[in-house]
Amino acid sequence: MMTPMRYVVLVLAMVISLHYILSFTHEGYGQATSISKLKDQWSAGGPPYKTPVPEEYYVVDDAPPTSRRANAAIVMLARNSDLNGIVVSMKQMEDRFNKKFRYPYVFLNEEEFSESFKSRITELTNAKVEFGLIPREHWYQPDSIDEEKASAARQSMVKNNVIYGGSVPYRNMCRFNSGFFYRHPLLDQYKYYWRVEPSVTFFCDLDYDPFLIMQDQNKVYGFTVSLYEYEATIPSLWQAVKEFISDNPDLVSPDNAMAFLSDDGGESYNRCHFWSNFEIGDLDLWRSEAYMKFFDHLDKKGGFYYERWGDAPVHSIGAALFARKDQIHFFNDIGYRT
Ligand SMILES: Nc1nc2c(ncn2[C@@H]2O[C@H](COP(=O)(O)OP(=O)(O)OP(=O)(O)O)[C@@H](O)[C@H]2O)c(=O)[nH]1
Ligand SMILES: [Mg+2]
């Protein structure tokens, strides 16, 4: 009679023999199971942002602007009164990054930029700079909003010390950034954008081209910081998101990043969002049918005015639901503060 140990040895011997026979007779099987291949797969574990940026993306000092460039622009929304902060940001961008890469700038405003604003900005860079006027219907509170209800909401937020709770312009800005900036005609020609705000600080030189990383690695949304949204600004946002998901299940990416947004499989929002005052993204994510429908759905709810929905949670939820999770990139090597 065979002991249990003998069975184990026999089965092992059969598996190993079968493995060798298959390795010799089937090339594909041999390649897929070779030790070096398996080792590569194991060592490739861990988050993708920990993989260093390959050498060829770096540009050494004094080299002329690289010939290979992405179809991209640096985008800043600003008021004329933001000039000083914008100058700080432009100097940072040029000094730390863009003097080598010369990506064009697009400035947007709901009022015409003054001549002094334009000339001060233009002299800070050799890159192309364009100034655009935002169409009225992309900026101001729509007529569909019940102003009485909106103003009662603002007053109550002021009473509760909600930051920017009383501001209509701030709400216009959040709605514009959520659903309209990517429709501005000056951005039509571009695929990628880098959003920059006034008075930002970059702690280190950025010697590689992040747009090319986005393009070559098929990323659609890049961030540097994530944090929690104030609950008081978005009480009904998640309910609206859940409605959209249940009405449009086909528009949600099968490999989405819901796990970033929710700790209970989508039942509630954990308030995590990417800090949208730094974004490097693919404009086609926002121009997609899924996101445009999503924005329309949110806009009809009126929460940009009846509450104070920010573009950061709206973009974050959009990116997490409509992109694959591996298309969201953490630029953990960009040290940034505003
Ligand atoms: N044209 C225009 N730009 C605005 C307006 N309000 C804000 N912005 C711009 O929109 C961006 C975000 O506005 P911020 O006031 O910085 O809002 P925030 O980043 O949420 O708030 P902070 O944390 O205080 O910086 C900045 O680039 C501003 O210059 C506005 O009424 N008109
Ligand atoms: Mg800001």
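**Exercise 1. Find which residues Met76 contacts, leaving aside neighbours within four places in sequence.**

Solution. Met76 is in contact with Ile86, Tyr105, Phe107 and Val196, once its neighbours within four places in sequence are left aside. Contact means that the two C-beta atoms, placed from the backbone, lie within 7 Å.

A note on the model and its numbering. This is a predicted model, in which local features need pLDDT of at least 70 and side-chain atom pairs count only at pLDDT 80 or more, while totals for chains, interfaces and linings use all residues. Residues are numbered from 1 along each chain as its sequence is written, and chains are lettered from A and ligands numbered from 1 in the order in which they are written.

**Exercise 2. Place Met76 in the largest nonpolar core, and say where that core lies.**

Solution. Step one: take the term. A nonpolar core is a set of buried Ala, Val, Leu, Ile, Met, Phe, Trp, Tyr and Cys residues joined through C-beta atoms within 7 Å. A residue is buried if 20 or more other C-beta atoms lie within 10 Å of its own, exposed if 12 or fewer, and partly exposed in between.

Step two: find the hubs. The largest core has 68 residues. Met76 is among those with the most contacts inside it, along with Ala73, Ile74, Val75, Tyr193 and Leu285.

Step three: find the main contributor. Helix H15 (residues 311-322) gives the most to this core, with seven residues. Helices (H or I, at least four residues) and strands (E, at least two) are DSSP runs, numbered from the N terminus.

Step four: locate the core. Domain 1 (64-134 + 180-216) and domain 2 (142-168 + 225-275 + 283-338) both give residues to it, so the core lies between them. These bounds come from an automatic or database domain assignment.

Background: in soluble globular proteins, nonpolar side chains tend to be buried together.

**Exercise 3. Describe the site of Glu279: its annotation, its strand and its burial.**

Solution. Start with the record. The UniProt annotation "active site", from an unreviewed entry, covers Glu279. Such annotations may be inferred rather than shown by experiment.

Next, the strand. Glu279 sits in strand S9 (residues 279-282). Glu279 is buried because 21 other C-beta atoms lie within 10 Å. Beyond four places in sequence, Glu279 touches Arg195, Gly222 and Phe223.

Now step to Ile280, also in strand S9. Ile280 is buried, with 24 other C-beta atoms within 10 Å. Its C-alpha is 4.9 Å from that of Gly222, 58 residues away in sequence. Its contacts beyond four places include Tyr192, Trp194, Gly222 and Phe331.

**Exercise 4. Which residues surround ligand 1, and how do they divide by class?**

Solution. A residue is near the ligand if its C-beta atom, placed from the backbone, lies within 6 Å of it. The shell holds Leu77, Ala78, Arg79, Asp82, Asn109, Glu110, Pro169, Met173, Glu197, Pro198 and Asn277. By class, that gives five nonpolar, two polar and four charged residues. Here Ala, Val, Leu, Ile, Met, Phe, Trp, Tyr, Cys and Pro count as nonpolar, Asp, Glu, Lys and Arg as charged, and the others, Gly among them, as polar.

**Exercise 5. Trace the link between Ser253 and Ala323, loop by loop.**

Solution. Ser253 is in the loop between helix H10 (237-247) and helix H11 (258-261). Ser253 is partly exposed, with 16 other C-beta atoms within 10 Å. Its contacts beyond four places are Leu321, Phe322, Ala323 and Arg324. The C-alpha atoms of Ser253 and Phe322 are separated by 5.0 Å, though 69 residues apart along the chain.

Ala323 is in the loop between H15 and strand S10 (328-330). Ala323 counts as buried, with 24 C-beta neighbours inside 10 Å. Its contacts beyond four places include Ser253, Val220 and Leu285. Val220 is 103 residues away in sequence, and 7.3 Å away from C-alpha to C-alpha.

**Exercise 6. Is Asn161 buried or exposed, and what is its phi?**

Solution. Asn161 is exposed, with 8 other C-beta atoms within 10 Å. Its phi is near 55 degrees, a positive value in a residue other than glycine. Most residues other than glycine have a negative phi. Asn161 is in the loop between helix H7 (147-159) and H8.
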